[in-house]
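Visitor: I'd like to learn how to read a fold from coordinates. Could you walk me through it, feature by feature?

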Amino acid sequence: MKIAGLHHVTAIASDPQRNLDFYVGLLGLRFVKRTVNFDDPGTYHFYFGDRRGTPGTILTFFPWPGVRRGIRGTGQIEATAFSIAPTSVGYWLERLKQQHVTAERSASRFGEDVIRFVDPDGLLLELIASNSLATIAQWPDSPVPPGHALRGFHSVSAALEGYEKTARLLTDAFGYRLIEESGNRFRFASSEKAAPGRIVDLLCLPDSSVGSVAAGSVHHIAFRARDEKEQLQWREKLVDLGHNVTPVIDRIYFRSIYFREPGGVLFEIATEPPGFTFDETIEELGTGLRLPPWLESARSQIEKVLPPIRVPNKQ
Ligand code: ZN
């Protein structure tokens, strides 16, 4: 049993409309699900991804209007990176500049070009020019031309005070391998070469202080399990290794278990099925507010408290 890669990354935003405008209007991701935070149904939960919300392409947000900003530090994901084609670097530098997003082209990392910028809440994002692009379902109505579209997650970078225990979890339990290292950056990858989101970088930052998760921070990262049976086996394995794992929780589009890895980052293992077409056709994804069955009876109250939003058009 091995982990193939990331399922999704969940971060915290403040203003929902500004969040939608940035990820759909500027970055060209598809709004694949408009729902509420099942644990706090008066607030949204947005899912962005490729055309069908393929695991490994999904970035999700809890937009909490007025929430304070997080503080970057250890025990959290420092940066979330998407892959782009090497021929798209110029396009993205120009597009970000035109939209008044300050981006820096940083020194190449393990031979790949990196563009770094932050979203309107301060979340650190990277676009990494990759020669081995994963196969994803491209969204034809994206404002970004298909050749330049984001191609799913490249990697996440976790900032840790010490990286050894987290490294051991990735290698001994998840089946990842250390494939590169440079300075304080250690790169681990799954054996699933064609899959998006197969890389996790661990940054060893013993002199940094512990971060605080709020707006502009990643709340948790989810790895994928093939099905519910495999997820239960993961749960058993992690409990045997001494981790404190939640019971299986129904998230409608997947089932989830959560635990805190030794470096302090909240990890989830989410099932690939049933996926986002569970309650909408692929064409309809993101068009209407979807609620889990147990919240349907409260729909009118929920719709009254959620701020109105408008999905940006192709521009
Ligand atoms: Zn999650």
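Visitor: Let's start with strands S6 and S7: in which sense do they pair, and over how many bridges?

Guide: This is a predicted model, so keep that in mind throughout. Strands count as paired once at least two bridges are found between them. Here S6 (residues 104-109) and S7 (residues 112-118) run antiparallel, joined by 4 bridges. To get the register, look at Glu104, which sits opposite Arg116 in S7.

Visitor: And what links the two strands?

Guide: They make a hairpin, with 2 residues between S6 and S7. Check the backbone in that turn: Phe110 has a positive phi of about 50 degrees.

Visitor: Take Val114 in S7. Is it buried or exposed?

Guide: The cut-off for buried is under 20% relative accessible area. Val114 has 1%, so it counts as buried. Leaving out residues up to four places away in sequence, its contacts include Glu104, Arg105 and Ser106, plus Glu126, Leu127 and Ile128. For a distance to check, the C-alpha atoms of Val114 and Thr87 are 13 Å apart, with their positions 27 residues apart along the chain.

Visitor: Now zoom out. What is the strand order of the sheet that holds S6 and S7?

Guide: Read it across: S6-S7-S8-S5-S9-S12-S11-S10, an open sheet of 8 strands with mixed pairing. S6 and S10 (177-182) are the edges; each has a single partner strand, so one side of each has no neighbour in the sheet. From one strand to the next, the twist averages 25 degrees.

Visitor: Which strands in there run parallel?

Guide: One such pair is S9 (residues 153-160) and S12 (residues 199-204), with 6 bridges between them. Ser155 has Ile199 in S12 as its bridge partner. Helix H3 (residues 164-173) packs on this sheet, touching S9, S11 (185-189) and S12, and its direction makes about 160 degrees with that of S12.

Visitor: What about the sheet of 9 strands?

Guide: That one is open and mixed too, in the order S14-S15-S16-S13-S1-S4-S3-S2-S17. Its edges are S14 (249-250) and S17 (289-290); each has a single partner strand, so one side of each is left free of a neighbour in the sheet. At the S14 end, S14 pairs with S15 (residues 255-260) in the antiparallel sense over 2 bridges, and Ile249 faces Ser256.

Visitor: Which residues coordinate the zinc ion?

Guide: For a metal site, list the donor atoms and then see where they fall in the chain. The zinc ion is coordinated by His8 (NE2), His220 (NE2) and Glu268 (OE), at 1.9 to 2.0 Å. Along the chain, the spacing reads H-x211-H-x47-E. His8 belongs to S1 (residues 6-13) and Glu268 to S16 (residues 266-271), so this pair ties together parts 260 residues apart in sequence. Both His8 and Glu268 are buried.

Visitor: Glu230 is charged on paper. Is it buried or exposed here?

Guide: Glu230, in helix H4 (residues 228-240), has 8% relative accessibility and so counts as buried. Next, ask what its side chain reaches: the backbone nitrogen of Arg226, at 3.1 Å. Not counting residues up to four places away in sequence, Glu230 touches Met1 and Ala225.

Visitor: Last one: how many aromatic pairs are there?

Guide: The structure holds 25. Follow the ring pairs as a graph and you get a cluster linking Phe22, Tyr23, Phe31, Tyr44, Phe46, Phe48, Phe61 and Phe117.

Notes:
Residues are numbered from 1 along each chain as its sequence is written. This is a predicted model: local features need pLDDT of at least 70, side-chain atom pairs count only at pLDDT 80 or more; totals for chains, interfaces and linings use all residues. Side-chain values use heavy atoms; hydrogens and water are left out. Donors are N, O and S atoms within 2.8 Å of the metal (3.2 Å for Na, K and Ca); water is not among the atoms, so sites may look incomplete. Buried means under 20% relative accessible area, exposed over 50%, partly exposed in between (1.4 Å probe, protein chains only). Rings of Phe, Tyr and Trp (its six-membered ring) pair if their centres lie within 6.5 Å; planes under 30 degrees apart count as stacked, over 60 as edge-to-face and the rest as tilted. A polar contact is a pair of N or O atoms within 3.5 Å; within protein, one must be able to donate a hydrogen and the other to accept it, and residues adjacent in sequence count only if both atoms are side-chain atoms. Contact means heavy atoms within 4.5 Å. Axes are lines fitted to C-alpha atoms, for helices over the stretch in contact, and angles run from 0 to 180 degrees between N-to-C directions.
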